[in-house]
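Please look over the sequence and the model shown here before reading on. The report goes with them and is meant to be read alongside.

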Amino acid sequence: MNSLSKKGNRLGMDQTDLSLLMRRYGIGLVLVAMCIFLMIATPNFTKASNLLSILNSVAVNGCIAFGMCVVITGGGIDLSVGSMLALGSVMIGKMLDATGSNLIACIVCIAVCTFFGLINGLLLAKFELFPFVVTLATQLSIRGIGYLISGGYSQGLTNVSFTNIGIGKTLGIPNAVFFLTAILIITYILMHRTKFGRYDYAVGGNKAAATASGVPVFWTIAGSYVFSGFCTGVAAVLMSARINAAQPNIGIGYETDAIAACVIGGTSFAGGISTTPGCLIGILMIGVIYNGMNLLGVNSYWQTILKGLLILLALLLDKFMNKKH
Amino acid sequence: MDSNEYILECHGLSKAFAGTKALTEVDMMIRPGTVHALMGENGAGKSTLMKCIIGLLEQDTGTITFEGQPYKVKNPAEAALKGVSMVHQELNVEPYLTIAENIFLHREDVRGPFLDKKATLKKAQALLDEFKFGMPAKTEMQNLPLAKAQMVEIIKAVSQNARLIIMDEPTSSLDSEETEHLFQTIRDLKAQGKTIVYISHRMEEIFQICDDYTVFRDGHSVGCGRVADITTADLVTQMVGREVKNIFPKVDCAIGEVELEVKNLTGKGFKDISFQVHKGEILGLTGLVGAGRSETVSAIFGLLPPTSGEILLEGKEIKNKSTTQAIAHGIAMVNEDRKQYGLCLMRSLRENISLPNLKSRQRGLLLNKKREKEECAQYAKEMTVKSAGLEIEALSLSGGNQQKVVLAKWLMANPKVLILDEPTRGVDVGAKAEIHTQICKLAARGIAIIMISSELPEIMGMSDRILVYHEGKLNGEILRRDILSGVVTQETILAKEFGQ
């Protein structure tokens, strides 16, 4: 009675593994279906150069989305990422002017974004406020700081070696793809292989139970926002290099695409449920949607409408599949 | 047969979920004006049947007849219109609306397009007075104690002219006094000709308040009749399908030196508490709900740090400002509210079991997943958790199995002191006995155990020593030998709980 027969047990495991896999990555099938459709509809889709360009185009949003995924998993949300991106960009302009060193500019940019992530995190961990409202407020303030430092002006970056970070290639692969891959790997290890990740899932899933299990809830929440800031910092480096400018008005609405990628990838808005591969699928899906519609010649207004509808479709599909199991 | 003999009849009801049969050919007859007990272990099919009756689920086959008419409803609102209401275990109230607004939700008085708040309030107040509720109808729901909120739900049902009221474990969070008040209300309703379906795990309540019973087991209705014609032992046998001889298999083990001592501990809800727990000892804490038992152990565990007093572990004073510190000192606690404090329900069993135990299971900065898996499997097996592997979500387990997962989690933490707050609440009879066996095994390993329970038979059956709380203070100590010899009875302990 206490233990099922060994064979029965193993069989049971296989079934649950499969259903779990479907539940977590079922959305991947949609991505595959979309790719197959585009393969047939536009022969250009499967060209290596096009595939690389999709990866390249999602790099900035991808970096932000992985950070966002960690925050949402912990039961929060970070609306300030777009402003952080702009502030990071402004910092790069100032630092390149002051020092001329790419490395220092990048480090300062990432450090500043991480610092504001820490501010978000400390506010939320300490005062138990609603993350939506707090990061909405910091979004405004951070944006303001960006304007203040830059005087509101966009500044062209003359440093070719810096621009190269964003648009250059190594071994035929865009540099930005390496950055995205690095963030992907860091996120994966953090969420699925470290104590912090486990705590993040626990805090997002059930804060009270996490507290009662001795989980350092404060530092887990703060840490998730710090990571989001860090990822946004990396995205800011890529973005500035790509547009070849330090601009205080970039990144408006970027939180939306990042949140969309998380949600499409199966991240629960209630917290506690997400997977890093799922998030990657969400990021790619948004890229494929844009790319596919460009190839098909869909105009950009329609693209926005369709993107919204596809997100809804993804959510409904996810709900449907979850219900079945 | 007189068609008025039964108010509700279910015939041959079956319901399956994804191939698993939750109900198989269930029959149930309820006489009007009676209190009908619905008994069975968790997962026996009681809830599924009730959901079919109030329209949350639709049965696959079978018929329901209510007041002689064929009865079929699509949702609880429709059921309420027909005269069937349910008071759920977890109450469905709007905390920020007033009592009046809650009672008349969706049935508000209107004058043209506007709410007629005065009329609603007046009607609600009249109802409350009728039930001797003792609070104004404009009180916000969130300010009501649980027992009162439950009463509002009952009053709401009555106001909808419910002839059949289903109560799902209504006393699970009530103390003795509140329970008695609820019983009085039930008797009053019965006198008015209302019919009550009463679901409870507490055997003594069935004999106190119910007229008829139906027993469920594994989705079948296995027995029914008059409560007066049956004994507790018969009921238990019917419920589990086998004879449960010893519900509390307390095994005496060697009691060692003092492990934990609290001196003059004072905090919110308790005052000047001093006691010792020894290695291998099971110390029972009992008292009415709110007497300060849970508050004391929460203070020891660092959930709600005490305002004054000392906690000594193995003779050395410790301060637990957080649960993290308490766990580091070797203190673990199974909380009374399993869903809120015990488990992350949507995460896997493995993640739940290892959650407090990750620190010592790392390789560098990374988790040692292989070791984690092996150890979790080992502790789950030791606690006889029944599940299809450790990767499934905690949500999918029954209450008893969930509680075993919580125990496995703390066992893996290798605690010196284990605090168990209502360890078998909401757990069915079979799993209860298994959990009791495991608790005894843990004591035999030399763990000092503090156990809180509101169920007197449980606390008397399991404890080496019992401390009785009354209004935040200790009011007497009872030794196991006095219970075994019969010097101390349930009545003695109850008297102490009430302050005598």
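What follows describes one chain as a whole, then its domains, the contact between the chains, and one single residue.

**Chain B as a whole**

The model is predicted. Chain B contains 18 helices and 24 strands. Its C-alpha trace extends over about 70 × 55 × 50 Å along the principal axes. The radius of gyration of chain B is 24 Å, and a compact globule of 500 residues would have one near 23 Å, so the two values agree. Of the 500 residues in chain B, 46% are buried. Among contacts in chain B with a separation of 6 or more, 68% are between residues 24 or more positions apart.

**Two domains in chain B**

The domain assignment splits chain B into domain 1 (8-240) and domain 2 (258-497). Taken over C-alpha atoms, the centres of domain 1 of chain B and domain 2 of chain B are 33 Å apart. Where these domains meet, nine residues of domain 1 of chain B and 10 residues of domain 2 of chain B take part in the contact. On the side of domain 1 of chain B that touches domain 2 of chain B, helix 8 (residues 232-240) of chain B gives the largest share, with three residues.

**Contact between chain A and chain B**

The contact between the chains involves 24 residues from chain A and 28 residues from chain B. Which helices of chain A each supply at least two residues of the side that touches chain B? They are helix 1 (6-41), helix 8 (195-205) and helix 9 (207-212) of chain A.

The table lists the residue classes for two contact sides.

| Contact side | Nonpolar | Polar | Charged |
|---|---|---|---|
| Domain 1 of chain B, touching domain 2 of chain B | three residues | four residues | two residues |
| Chain A, touching chain B | 10 residues | 10 residues | four residues |

**One residue in chain A**

S141(A) lies in helix 5 (residues 131-150) of chain A. Is S141(A) buried, exposed or partly exposed? There are 14 other C-beta atoms within 10 Å of S141(A), so this residue is partly exposed. A residue counts as buried with 20 or more such atoms and as exposed with 12 or fewer. Along the chain, S141(A) and Q155(A) are 14 residues apart, and 21 Å separate their C-alpha atoms.

Methods: Residues are numbered from 1 along each chain as its sequence is written. Chains are lettered from A and ligands numbered from 1 in the order in which they are written. This is a predicted model: local features need pLDDT of at least 70, side-chain atom pairs count only at pLDDT 80 or more; totals for chains, interfaces and linings use all residues. Domain bounds come from an automatic or database domain assignment. Two residues are in contact if their C-beta atoms, placed from the backbone, lie within 7 Å. Helices (H or I, at least four residues) and strands (E, at least two) are DSSP runs, numbered from the N terminus. Ala, Val, Leu, Ile, Met, Phe, Trp, Tyr, Cys and Pro count as nonpolar, Asp, Glu, Lys and Arg as charged, and the others, Gly among them, as polar. The radius of gyration is taken over C-alpha atoms; the globule rule is 2.2 Å times the number of residues to the power 0.38.
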